[in-house]
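Here is a quick walk through a protein chain for someone who would rather look than calculate. Have the model open beside you as you read.

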Amino acid sequence: METRVLLLLLVPVLAHAALSGLYVDNGVDRTEMARSLTRSERREVEHEILSLLGLPSRPARAPPSSAAPQFLLDVYKSLLDAPGGDLNLSGRDLNAINESDVIMSFNSRSEVHQNGVRHERGRRLWFDVSEVPAGERIVGAELRLYQAHRPAVQPATVSLYQLVSDNSGEKALRLVDSVVTGREEGWLVLNVTGPLSSWVAFPDSNLGLYLSVHLLSRPAHEMHPEDVGIVTTKGQDSSRQPFMVAFFKSSGHRRTTRETQKRTKKKPESTPAETSYAPHPFIDTSIHWSSRSCQIQTLYVSFRDLEWHDWIIAPNGYDAFYCSGECNFPLNAHMNATNHAIVQTLVHLMDPSQVPKPCCAPTKLSPISVLYFLDESNVILKKYKNMVVKSCGCH
């Protein structure tokens, strides 16, 4: 019975063992390790996958007392058409999610840059945007503030200002956006695309934001944001803390690789026995002529088994699949053969030693989304193109 690769586990098989390897179907609905990977091979595999994900090295472990913003987890679920939480998404948000390749969240760090501006009851917010990927185009950015239920509180205007330096070096406030609160509990969203763009272009200009709240009935009187139910960095609930989320469009992903010759190994020269054998598609019934046609095969890559679950939030792994099989004459309809493949097959029958058979390869690929911690302050939801084989054919 022909053996097929079913599952690729690139991590320890047992909790106290350092075995990694390639698992195959033994033909009786069980998988067995065909070959274990050495320590250097495992490091090579991990490096290759990190390179594929566009990461120079393994990110830091997730902070034990922190959690990914529920917003990004809900967005991740929405991309999978799975039930999510209360996203409170506007049409602008939906367009930004669909257009972006990278969605990144930033936790507020109120302990930074507190000096230099006078205020009464407002709150200072500062975000470290130094980890924004280079060369990414900003689709949009927003600040999300959570307002708890306050039935007795009157409607108020929440104004957001960008702190800037004037010509004399004095700090000034520039209005960015504003929103009117209601009595319903939920997230307030303010547009901060402008400030983020200026901070990325001119890092030294990042002096943070200033949050100011005034009741509609008393517009001259500034209030503490907490008085109208807005949770700030002083709040107890980490899942309700203010955070900024930014949407980016990739300018084109380039893999960071080592020397090219390591990837393009020269094929060993064929032996005379190999080149002289030319099976005839009508009369040859030897074991050298495989009858297995080009088709999609199961292949699962496990992030959890790679022990990456301390920084990858979701998914635990993904079904990559792969294409395998022969492209033999005649190329039936289910082989999804191109016209060129059909011609190449006919020429191969006439001169097998000079023209190879067509190859079984993916004809359609789909993306996956990965949600992971970049560091203590940033969480990234990134879409990776061409990661899952959807169909195979002869090329």
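A residue counts as buried when its relative accessible area is under 20%, exposed when that value is over 50%, and partly exposed in between. With that cut-off, buried residues make up 40% of the 395 residues in the chain. Keep in mind that this is a predicted model.

**The overall picture**

The chain has 6 helices and 19 strands. Among contacts with a separation of 6 or more, 67% are between residues 24 or more positions apart. On the outside, the accessible surface comes to about 22,300 Å², and carbon and sulfur atoms account for 52% of that.

**Helix α1**

Helix α1 covers residues 39-52, and its 14 residues should span 20 Å at 1.5 Å a residue; the end C-alpha atoms are 20 Å apart, so the two values agree. Which residues of α1 are buried? They are R42, E46, E48, I49, L50 and S51. As a reminder, an α-helix has 3.6 residues a turn, so residues three or four places apart point the same way. Strand β14 (300-302) is among the things that cover the buried residues of α1. After the helix comes G54, with a positive phi near 80°.

**Salt bridges**

Side chains of opposite charge can pair when their charged atoms come close. The count of salt bridges in this model comes to 6. Three of them are set out here, with the distance between the closest N and O atoms.

| Pair | Closest N and O atoms |
|---|---|
| R58 and D310 | 2.9 Å |
| E226 and R123 | 3.1 Å |
| K357 and E326 | 2.6 Å |

Take the bridge between R58 and D310. It links distant parts of the chain, 252 residues apart: R58 sits in the loop between α1 and α2 (70-79), and D310 in the loop between β14 and β15 (312-314). R58 has a relative accessible area of 34%, so it is partly exposed, whereas D310, at 15%, is buried.

Next, E226 pairs with R123. E226 lies in the loop between β11 (218-223) and β12 (243-249), while R123 is in strand β5 (residues 123-125), so the pair ties together parts that are 103 residues apart in sequence. Is each partner buried or partly exposed? E226 is partly exposed at 24% relative accessibility, and R123 is buried at 16%.

Last comes K357 with E326. K357 is in the loop between α6 (339-350) and β18 (360-373), and E326 is in the loop between β17 (322-324) and α6, 31 residues apart. K357 is partly exposed, with a relative accessible area of 22%; E326 is partly exposed too, at 26%.

Note on methods: Residues are numbered from 1 along each chain as its sequence is written. This is a predicted model: local features need pLDDT of at least 70, side-chain atom pairs count only at pLDDT 80 or more; totals for chains, interfaces and linings use all residues. Side-chain values use heavy atoms; hydrogens and water are left out. Helices (H or I, at least four residues) and strands (E, at least two) are DSSP runs, numbered from the N terminus. Buried means under 20% relative accessible area, exposed over 50%, partly exposed in between (1.4 Å probe, protein chains only). Contact means heavy atoms within 4.5 Å. Accessible areas come from the Shrake-Rupley method with a 1.4 Å probe; for residues, only the protein chains shown count as cover. The expected span of a helix is 1.5 Å times one less than its number of residues. A salt bridge is a side-chain nitrogen of Lys or Arg within 4 Å of a carboxyl oxygen of Asp or Glu.
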